[in-house]
Amino acid sequence: MELRPNARTYATSRINMYAFVKRLLDIAISLVLLTILAPLILVICIYIYKKDGQPVLLKRARAGKNNRVFIMWTFRTKTVPSRVIRAFPPHPFPDSWADGVPGTFTYQSNDKTRVTRFGARLRKYHIDKIPQLLNVLKGDMSLVGPQPEIPEITTYYNDIQEKRLKVRPGMTGYAQVNGFVIEAKHGLKIAYDLYYVRNCSFRFDMKILFRSLGGAKRVN
C-alpha cells in the first residue's frame, strides 16, 4: 500500500507548486503588460529625453533571491546624480552591525539630486516602476515580494534577516502597501517582509496587488 505523504512533504510540495505557478503568472502578466504599455513606455522615454536629457532609465544594483545581485530598472525621476562616491552604509561599520543590520537603521541618500516635475508625476502613480516589468520577465523580480534591497546592506544581514531573501523581491509587497517608506526604520521593513515570507500564498498576493491598485485600505 502506498504511504500517505507526511505533513512536511505536503507542505514542501505545496510551496514548490506555489513558486512554480507564481513564476508562470509573473512571466505571462509582465509580458502582456509590457505589450499593452509599449506605446506609453515609448512616449515617456521620449518626454524624459527631451525635457531632462539622458539617461532615460535609471539602473541600480539590488539584492534579489538568495542575495544574488541584479540591475533593477526604473524611469529616471530625479536630476542626474553626482558622480561623487557616496559612503553608504556608514563605513567603517560600527560594532552594532556585527549581529546584523540594526532595526533602527534608516536609509539616507546623499547624491544631492532632486525630483523633477515630470518625475513627481511618474512617482505619484507609480509609473516610474513600469520598467521593472523587464526584471519580472527576466526572473530577477516578482510582481509581489519584499522590497529590493541595496547589496551593501544585505552583506550585513544576520540569519533572521537573511530569510527575507528566500523569495524574489517584488514590484510591490506587504511592507509597501502597509505604508512602509524607504526612510523608515529598517526593523519595520524586516518585520513586514518576514511576515510575507512565512505567509505567502496566491490569496495573500492577490490582496497585496488589490491594495496596490487602491482597492483596500490595509492588507492583513
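The exercises below work through a predicted model, each with a solution in steps.

**Exercise 1. The hairpin**

Determine how strands β1 and β2 run relative to each other, how many bridges join them, and which residue in β2 is the bridge partner of Leu-58.

Solution.
- Step 1: Locate the strands: β1 covers residues 57-63 and β2 covers residues 69-75.
- Step 2: The two strands run antiparallel, and seven bridges join them.
- Step 3: Leu-58 has Thr-74 of β2 as its bridge partner.
- Step 4: Between the strands of this hairpin lie five residues, and Asn-66 takes a positive phi near 60°.

**Exercise 2. The second largest pocket**

State the volume of the second largest pocket, then describe its lining by position, element and class.

Solution.
- Step 1: The volume is about 450 Å³.
- Step 2: The lining has 18 residues, and those closest to the pocket centre are Ile-15, Tyr-18, Ala-19, Val-167 and Cys-200.
- Step 3: Helices α1 (7-52) and α6 (186-199) each supply at least two lining residues. The biggest contribution is from α1, with seven residues.
- Step 4: Sorted by class, the lining holds eight nonpolar, eight charged and two polar residues.

**Exercise 3. The enclosed space**

Find how many cavities of 30 Å³ or more the model contains, and characterise the largest cavity.

Solution.
- Step 1: The count is one cavity of 30 Å³ or more.
- Step 2: The largest cavity has a volume of about 50 Å³.
- Step 3: Its lining includes Ala-63, Gly-64 and Lys-65, as well as Pro-146, Gln-147, Pro-148 and Glu-149. Also in the lining are Arg-164, Leu-165, Val-167, Arg-168 and Pro-169.
- Step 4: By class, the lining of the largest cavity divides into six nonpolar, four charged and two polar residues.
- Step 5: Val-167 lines the largest cavity, and Val-167 is also listed among the residues closest to the centre of the second largest pocket.

**Exercise 4. Surface and salt bridges on α1**

Identify the members of the nonpolar surface patch, and the salt-bridge partner of Lys-22.

Solution.
- Step 1: The patch consists of Leu-25, Ile-29, Leu-33 and Phe-202, with about 300 Å² of accessible area together.
- Step 2: Helix α1 provides the largest share of the patch, three residues; Leu-25 is found in this helix.
- Step 3: The model has five salt bridges. In one of them, the side chains of Lys-22 and Asp-205 meet at 3.5 Å, N to O.
- Step 4: This pair links distant parts of the chain: Lys-22 lies in α1 and Asp-205 in α7 (residues 202-212), 183 residues apart.

Conventions:
Residues numbered from 1 in each chain as written. Predicted model: local features only at pLDDT ≥ 70, side-chain atom pairs only at ≥ 80, totals over all residues. Heavy atoms only, no water. Pairing = 2+ DSSP bridges. Helix = DSSP H or I, 4+ residues; strand = E, 2+ residues; numbered from the N terminus. 1 Å grid on protein atoms, 1.4 Å probe; cavity = no way out; pocket = protein on both sides within 12 Å on 5 of 7 lines; lining within 4 Å. Points joined across faces, edges and corners; volume = space filled by probe spheres on them. Nonpolar A, V, L, I, M, F, W, Y, C, P; charged D, E, K, R; others polar. Patch = residues over 30% accessible without salt bridge, like charges linked within 9 Å, V, L, I, M, F, W, Y side chains within 5 Å. Areas by Shrake-Rupley, 256 points an atom, 1.4 Å probe, with all protein chains shown as cover. Salt bridge = Lys/Arg side-chain N within 4 Å of Asp/Glu carboxyl O.
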